[in-house]
Amino acid sequence: MTLHSAPTEQRALVTGATAGIGAAFARRLAADGWQLVLVARDAERLAEVAAEARERHGREVEIISTDLSTDDGCAVVEGRLAGGTPIDLLVNNAGISLNKPFLRSSAEDEARLLRLNVHAVMRLTLAALRTMTERRRGAVINVSSVAGFGAVMPGSTYSASKAWVTNFSESVGQSTRSFGVRVMALCPGYTRTEFHERAGINMSKTPEWMWLRADDVVDEALRDLRKGKPVSVPAWRYKFAVAGLRHAPRRLLHAVARDTRGRIGREER
């Protein structure tokens, strides 16, 4: 399986494909010659992304408009992974964060986060790997986060969900390697997308040097996948950050945690 100049019969399925890292994957893969299956909730925006891939690169593009935080939505995409033209690359990119602390959250909101960030990733990865291991080719990229390496968001459950994605991907990847199938966790830091805006998270105080471009994240992810890396952390500044998160004393890590999306302010106590 080549990920640099893919033959025309290779096909990638990308979830959360209408913006940010998902849209960047769609653009890059189409430019590299991949046929696409794009998944997201917004049918209108999906059609726009698909039209761009067809017009600019002459790619064949299927679209699936569905909500992966629901069982029915997952079942639709599982069916596509199991049947039809084989999928050679699955990119599990869809995910959410909550702009509220756990103590002020609801069971319904937390369950939705887990269904999309964890449950959907598990179900789609399983569906994809069943056919990939039979064919002895294929790859899965599960988009995780640097946040998954430590509790850097006091009161937020987002980092916990991403810790699961990273650990899951590493573990499953060890069992599929002998079948010629790769599974990789992609762990970017802060990336310029609609992610924070959609969650209502104010990131205006985040220094400019901490931000990554979605296209650069995708470039490094595909390079690391070709190299067979189980975990991809784009940009040296975040590689150093992950080393610190893995080895720093927990008391120090908690003291310097700066992402406040899960904190409870004094007025809420």
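This text walks through the structure above, from its sheet to the helices, the cores and a few individual residues. Please keep in mind that the model is predicted.

Let's begin with the sheet. Seven strands form an open sheet in the order β3-β2-β1-β4-β5-β6-β7, and their pairing is parallel. At the edges are β3, residues 61-65, and β7, residues 231-232; each has a single partner strand, so one side of each has no neighbour in the sheet. As general background, strands of a sheet pair through backbone hydrogen bonds, in either a parallel or an antiparallel way.

Now step inside the sheet to strand β1, which covers residues 11-15. Five of its five residues are buried, so the rest of the structure largely encloses this strand. The burial holds for both faces: Arg11, Leu13 and Thr15 lie on one side, Ala12 and Val14 on the other, and all of them are buried. Note that Arg11 and Thr15 are included in that list.

Strand β1 has a partner to either hand in the strand order. With β2, residues 35-40, β1 runs parallel and is joined by five bridges. If you want to find this pairing in the viewer, look for leucine 13, whose bridge partner in β2 is valine 37. With β4, residues 89-92, β1 pairs in the parallel sense over three bridges, and here valine 14 stands opposite valine 91. The connection from β1 to β2 involves helix α1, residues 20-31: β1, α1 and β2 together make a right-handed β-α-β unit.

From β2 we can move outward to the edge strand β3. These two strands pair in the parallel sense over five bridges, and the bridge partner of leucine 36 in β3 is valine 61. Helix α2, residues 43-57, packs on the sheet here, touching β2 and β3, and its direction makes about 170° with that of β3.

Leucine 36 is a good place to pause and think about packing. Setting aside neighbours within four places in sequence, leucine 36 is in contact with Arg11, Ala12, Ala26, Leu29, Ala30, Ala53, Glu60, Val61 and Glu62. Leu36 also belongs to the largest nonpolar core, which has 48 residues; it is listed with Phe25, Leu29, Leu38, Leu89, Ile141 and Val233 as having the most contacts inside that core. A second core, separate from this one, has 27 residues, among them Leu90, Ala120, Val121 and Ala127. In soluble globular proteins, nonpolar side chains tend to be buried together.

Let's cross to the other end of the strand order, where β5, β6 and β7 sit. Six bridges join β5 to β6, and the two run parallel. Strand β6 is mostly covered, with five of its six residues buried. Helix α5, residues 158-176, packs on the sheet and touches β5 (138-143), β6 (181-186) and β7, with its direction at about 160° to that of β6. As with the unit around β1, the handedness is right: β5, α5 and β6 make a right-handed β-α-β unit.

Leucine 186 helps to trace this region. It is the bridge partner in β6 of valine 143, and leucine 186 also stands opposite serine 232 in β7. Strands β6 and β7 run parallel and are joined by two bridges.

What does serine 145 touch, not counting residues up to four places away in sequence? The list is Tyr158, Lys162, Leu186, Cys187 and Pro188. Serine 145 sits in the loop between β5 and α5, and its relative accessible area of 8% makes it buried. A polar atom of its side chain lies 3.0 Å from the backbone nitrogen of alanine 147.

Finally, two residues deserve a look for their backbone angles. Most residues other than glycine have a negative phi. Arginine 136, which is not a glycine, has a positive phi of about 60°, and alanine 235, also not a glycine, has a positive phi of about 80°. Are these two residues buried or exposed? Arginine 136, in the loop between α4 (107-135) and β5, counts as exposed at 51% relative accessibility. Alanine 235, in the loop between β7 and α8 (236-247), is buried, with a relative accessible area of 15%.

Notes:
Residues are numbered from 1 along each chain as its sequence is written. This is a predicted model: local features need pLDDT of at least 70, side-chain atom pairs count only at pLDDT 80 or more; totals for chains, interfaces and linings use all residues. Side-chain values use heavy atoms; hydrogens and water are left out. Buried means under 20% relative accessible area, exposed over 50%, partly exposed in between (1.4 Å probe, protein chains only). Helices (H or I, at least four residues) and strands (E, at least two) are DSSP runs, numbered from the N terminus. Two strands pair if DSSP finds at least two bridges between them. A crossover is right-handed if, with the strands pointing away from the viewer, the path from the first strand over the helix to the second runs clockwise. A nonpolar core is a set of buried Ala, Val, Leu, Ile, Met, Phe, Trp, Tyr and Cys residues joined through side-chain atoms within 4.5 Å. Contact means heavy atoms within 4.5 Å. Axes are lines fitted to C-alpha atoms, for helices over the stretch in contact, and angles run from 0 to 180 degrees between N-to-C directions. A polar contact is a pair of N or O atoms within 3.5 Å; within protein, one must be able to donate a hydrogen and the other to accept it, and residues adjacent in sequence count only if both atoms are side-chain atoms.
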